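Thank you all for making the time this morning. I would like to walk you through a few helix packings and then a handful of single residues, so please keep the model open while I talk.

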Amino acid sequence: MLLKLDHINKDYVTGKLVVPALKDVTLHVEEGEYVAIMGPSGSGKSTLMNIIGFLDKPTSGVYELNGRNVMGLNEKEMADLRLNNLGFVFQNFQLLPRVSALENVALPLVYAGVRKSERIKRARAALEMVGLGERCSFKPTQLSGGQKQRVAIARAMVNNPKILLADEPTGALDSKSSKQLMELFDELNENGVTIIMITHAPEMAAYARRIVDIFDGEISERTVST
């Protein structure tokens, strides 16, 4: 099992008030799956994504990634595990505006200590994979929204992560760019990439193989027919 969340609870404390964001969530994801986590604003889906991505810690429960219990890890250990196992794609791209697409994509490799010549080679290959091999020198301001998100996907994939985490990846895109992006996700998944996608849009969730519905911090699952 690649990812195991068992009986995860997350509470936020405001003064004397305890607000439960996740309630006894159990979610298992096998390698190569394509899972959509779907729910309205305030449902807990972003909290769940943050816990999966080591951006937040659960109040209780067990989280195992690739067979390793991550609950007792310190910040450095969690950062290393995140760097080597998870790739992130965000709604608003989060690209550095003053550097090229190639430099943006290579950034995780800098943190991983990869030498410069290898960083350039791998970043260029990642941009070619998403159809932007001829845009390596372009800065984000010179790219369309769909192209920016492709750069973000290349950056997420450049370190060959176990899981691609996508948080509302089409939220800032028009319908044509959204469709192209989801087709790219399909290709990545067909090539063995495990994808976990947060979305509120049924038409985007329909691309996944499994849908996890979340409402008021509780989940239920359904299988998408193919």
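Helix α3, residues 101-111, packs against α5 at an angle of about 30°, with the two axes 7 Å apart, where axes are lines fitted to C-alpha atoms, for helices over the stretch in contact, and angles run from 0 to 180 degrees between N-to-C directions. That angle makes α3 roughly parallel to α5, since angles under 35 degrees count as roughly parallel, over 145 as roughly antiparallel, 65 to 115 as roughly perpendicular and the rest as oblique. The crossing of α3 with α5 is right-handed, a term that applies if the near helix is turned clockwise from the far one by less than a right angle, while an anticlockwise turn gives a left-handed crossing. On the α3 side the contact is made by A101, N104, V105 and P108, and on the α5 side by V151, A154 and R155, with contact meaning heavy atoms within 4.5 Å. Sorted by class, this contact has five nonpolar residues, one polar and one charged; here Ala, Val, Leu, Ile, Met, Phe, Trp, Tyr, Cys and Pro count as nonpolar, Asp, Glu, Lys and Arg as charged, and the others, Gly among them, as polar.

Before I go on, a word on the basis of all this: this is a predicted model, in which local features need pLDDT of at least 70 and side-chain atom pairs count only at pLDDT 80 or more, whereas totals for chains, interfaces and linings use all residues. Residues are numbered from 1 along each chain as its sequence is written, and side-chain values use heavy atoms, with hydrogens and water left out. The element names come from DSSP runs numbered from the N terminus, with helices being H or I runs of at least four residues and strands E runs of at least two.

Let me stay with α3 and turn to its other partner. The axes of α3 and helix α4, residues 116-129, come within 8 Å and cross at roughly 120°, and α3 is therefore oblique to α4. Here, too, the crossing is right-handed. The residues that meet are A101, L102, V105, A106, L109 and V110 from α3, together with R119, I120, R122, A123, R124, A126 and L127 from α4. They divide into 10 nonpolar, no polar and three charged.

Which residues does V105 of α3 touch, not counting those up to four places away in sequence? They are A123, A126, L127, V151, A154, R155 and V158. V105 counts as buried because its relative accessibility is 0%, where buried means under 20% relative accessible area, exposed over 50% and partly exposed in between, with a 1.4 Å probe and protein chains only. From V105 to I120 the C-alpha distance is 9.0 Å, for a separation of 15 residues in sequence.

The third pair is α5, residues 145-157, and α6, residues 175-190, which pack at an angle of about 20° with their axes 10 Å apart. These two helices are therefore roughly parallel to each other, and they cross in a right-handed sense. G146, Q149, R150 and I153 of α5 meet S177, Q180, L181, L184, F185 and L188 of α6, and this set comprises five nonpolar, four polar and one charged.

Now to the loops. E33 sits in the loop between β2 (17-29) and β3 (34-38), and at 19% relative accessibility E33 counts as buried. Its side chain makes a polar contact of 2.9 Å with the side chain of R210; a polar contact is a pair of N or O atoms within 3.5 Å, where, within protein, one must be able to donate a hydrogen and the other to accept it, and residues adjacent in sequence count only if both atoms are side-chain atoms. Leaving out residues up to four places away in sequence, E33 touches H28, N189, V193, T194, I195 and R210.

D216, in the loop between β9 (210-215) and β10 (218-223), is partly exposed, with a relative accessible area of 43%. Beyond its neighbours within four places in sequence, D216 is in contact with K23 and S43.

Finally, two backbone details. F54, in the loop between α1 (45-52) and β4 (60-65), has a positive phi near 60° although F54 is not a glycine, and F54 counts as buried at 6% relative accessibility. Q94, likewise not a glycine, has a positive phi of about 55° and is found in the loop between β6 (86-90) and α3.
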